[in-house]
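Please explain how this structure is put together, taking its strands, helices and ligand surroundings in turn.

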Amino acid sequence: MSSSEDEDHLPSRILVLYASETGNAQDIAERTGREIRRKGGRCLVQSMVEFDIHELPHTPLLILVNSTHGRGQPPPDMVALWSALLRSGLPSDILEDVNFAIYGLGDSSYEKFCYAAKILARRMISLGAHLLTVPAAAAAAIGNGTNGSHATLDEQLERKLIIDEPENDDTEFGKTACLAWGDERAPEGGDDVLEPGWVWTRLARNKRVTDEGWFQDVREIHLQLEQALEVHLLVEATDIGGGDTGVPGDEQARRGGGSGVYDPAAGSRILRDHVDVRQPPRKSFFEWMARFTTSELEKERLEEFLADPVDQDSDESYSRGTATATTEAVLDSFFRKREIQLLVGLVEYKTNLKIKRKGLLSSWLQCLPEGYRIPTKLDAPTLFLPPPNANVPVILVGPGTGVAPMRAFAEERIRQGQGKNTVIYFGCRSKMHDFYYADEWDAMRKAGVTVRIAFSRDQDEKLYVQDLIKEDAKMIKEWIHDRKGNIYISGSSNAMPKQVRSAVAWSISDESGEGDISREEADRYVEDMFMSGTRGGEESW
Ligand SMILES: Cc1cc2nc3c(=O)[nH]c(=O)nc-3n(C[C@H](O)[C@H](O)[C@H](O)COP(=O)(O)O)c2cc1C
């Protein structure tokens, strides 16, 4: 395509292909499609994952809409198309009949801003496709020529990536959300049916953990998995009474406890709220069962099982025994209940036009009363996993609310007996105002974890996590370079991750006096670690 006259003869049927992770790109694609149709154009809007890749060379007019996620990664729905475009041996003119525009969604606070759209556009061009502006492509579809003027491809790419800031003209949105949800009573025994994969959780804590006067409202949110049914069954099988399981008609539960001074209702409340009755019980549970069972046969089988648990049937068949155990026995036998703990900063900001905006999820959570039931879906983690080999040293960097997953990692490391092989860097502005989990750090230190905390504004000179990393250059060099340790970073997507990487590279290089490699080599070393995402102890190390 070399002149604007050629563009005027572009065909008028347009395909809009989108790849979206959280729905914004899909929304833009559908809006674009509606607009083209409204103006008389013919248009098909389709997800990239549904698109037959063989059709691409025969698609004369195309708008691509896609976002960027992860560390500059495309949404999953773009992966098949992207892999097909990367296939080696494709003729460099295979897309010469394709005219396309691209609408990249991204957030400029990420290092790899709109990366997925940029690489997609470049690859399409390298295979012969012709880049248009979105208005030019739309105009071609509705028969108005293209409105487009030509520039070099590089210039076009820069100019034609439309960077999304989703529209939201409802300045009172956060407030409205609060009223709508906050006033609702937690449904008690209401419609319990959830889609497969979803569970009910109960909001057990919604506590502001920053000072009232502090500029940011940060909440500790605890969500407990509901287990009314399991509690009911356990109440029936044991001495723990009470009618407070949330299950109607549990007469059995009302028959009282057998262990002295005891509030039966409290018993089932404890089961419901404080222990995880879904976990396989500990060995002590079976010991108690053996002691309290009224059946000789069962006692014998339990004792056999305890002597050689490996050789026996599943634990489960024994936990369905007929023994009536005491409250203490049962409570002692289960682990403390697992819950999901979050640290949520209320998102509040002003746009360039000084319009106030609030984050949808954080402002909703902020308003919920404790006890509220929330349908919850738990997905397995994909990016953040501890090293498969627990002996690998682990460096955790989590300034601000980014500390929440790092705290969980540190706890897990302690459970694995690897406290001593773990360091956590936490940063906040002030000991007085936003020092999260202040009462936990000493215990973590006692368990062997090295805890390093940077209060950035409590002294004249600002101090950040990256400064502490440099102070610890000797250890960083040894753990990262010599022992092939792992680093995990969580928190702001702005300058922090880059500065942490730079501090690590400095520490392991000869610039710090600790390393033997040059700064350039160290930068490459750290970059490779982050790009590969390799976890220490895996084969590629
Ligand atoms: C976990 C996460 C990672 C992201 N990473 C990037 C990124 O690396 N680069 C970027 O430009 N935008 C990034 N974004 C911003 C998204 O591209 C942006 O929110 C977009 O509107 C999402 O569109 P979608 O709903 O169609 O997926 C990220 C967003 C999230 C939630």
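The expected span of a helix is 1.5 Å times one less than its number of residues. The model discussed here is predicted, and helix H20 offers a case for that rule. H20 comprises 14 residues, from 519 to 532, and should therefore span 20 Å; its end C-alpha atoms lie 20 Å apart, in agreement with the expectation. Just after H20, Gly533 adopts a positive phi of about 60 degrees.

Strand S1 is a convenient place to begin with the strands. It covers residues 13-19, and six of its seven residues are buried, so the strand is largely enclosed by the rest of the structure. S1 pairs in the parallel sense with S2 over six bridges, and within this pairing Arg13 has Arg42 of S2 as its bridge partner. S1 also pairs in the parallel sense with strand S3, residues 61-67, here over five bridges; Leu62 in S3 is the bridge partner of Leu15. Together, S1, H2 and S2 form a right-handed β-α-β unit.

The loop between helix H2 (24-38) and strand S2 (42-47) contains Lys39. Why does Lys39 count as partly exposed? Lys39 has 14 C-beta neighbours inside 10 Å, and a residue is classed as partly exposed when this number lies between the limits of 12 or fewer for exposed and 20 or more for buried. Lys39 and Ile142 are separated by 103 residues in sequence, yet their C-alpha atoms are 6.5 Å apart in space.

A further sheet is open and has four strands in the order S8-S7-S6-S11, paired antiparallel. Its edges are formed by strand S8 (339-345) and strand S11 (373-377), each of which pairs on one side only. Neighbouring strands of this sheet are turned against each other by 40 degrees on average, direction ignored. Strand S6, residues 198-208, pairs with S11 in the antiparallel sense over five bridges, and Arg202 stands opposite Arg373 of S11.

Helix H14, residues 360-367, includes Leu360. With 13 other C-beta atoms within 10 Å, Leu360 is partly exposed. Leu360 and Leu346 are 14 residues apart in sequence, and their C-alpha atoms are 9.3 Å apart.

Finally, the ligand has 22 residues around it, of which Ser20, Asn24, Ala25, Ser67 and Gly106 come nearest. By residue class, this shell divides into seven nonpolar, ten polar and five charged residues. Two of the elements already described recur here: Asn24 falls within H2 (24-38), and Ser67 belongs to S3 (residues 61-67).

Key
Residues are numbered from 1 along each chain as its sequence is written. This is a predicted model: local features need pLDDT of at least 70, side-chain atom pairs count only at pLDDT 80 or more; totals for chains, interfaces and linings use all residues. A residue is near a molecule or strand if its C-beta atom, placed from the backbone, lies within 6 Å of it. Ala, Val, Leu, Ile, Met, Phe, Trp, Tyr, Cys and Pro count as nonpolar, Asp, Glu, Lys and Arg as charged, and the others, Gly among them, as polar. Two strands pair if DSSP finds at least two bridges between them. Axes are lines fitted to C-alpha atoms, for helices over the stretch in contact, and angles run from 0 to 180 degrees between N-to-C directions. A crossover is right-handed if, with the strands pointing away from the viewer, the path from the first strand over the helix to the second runs clockwise.
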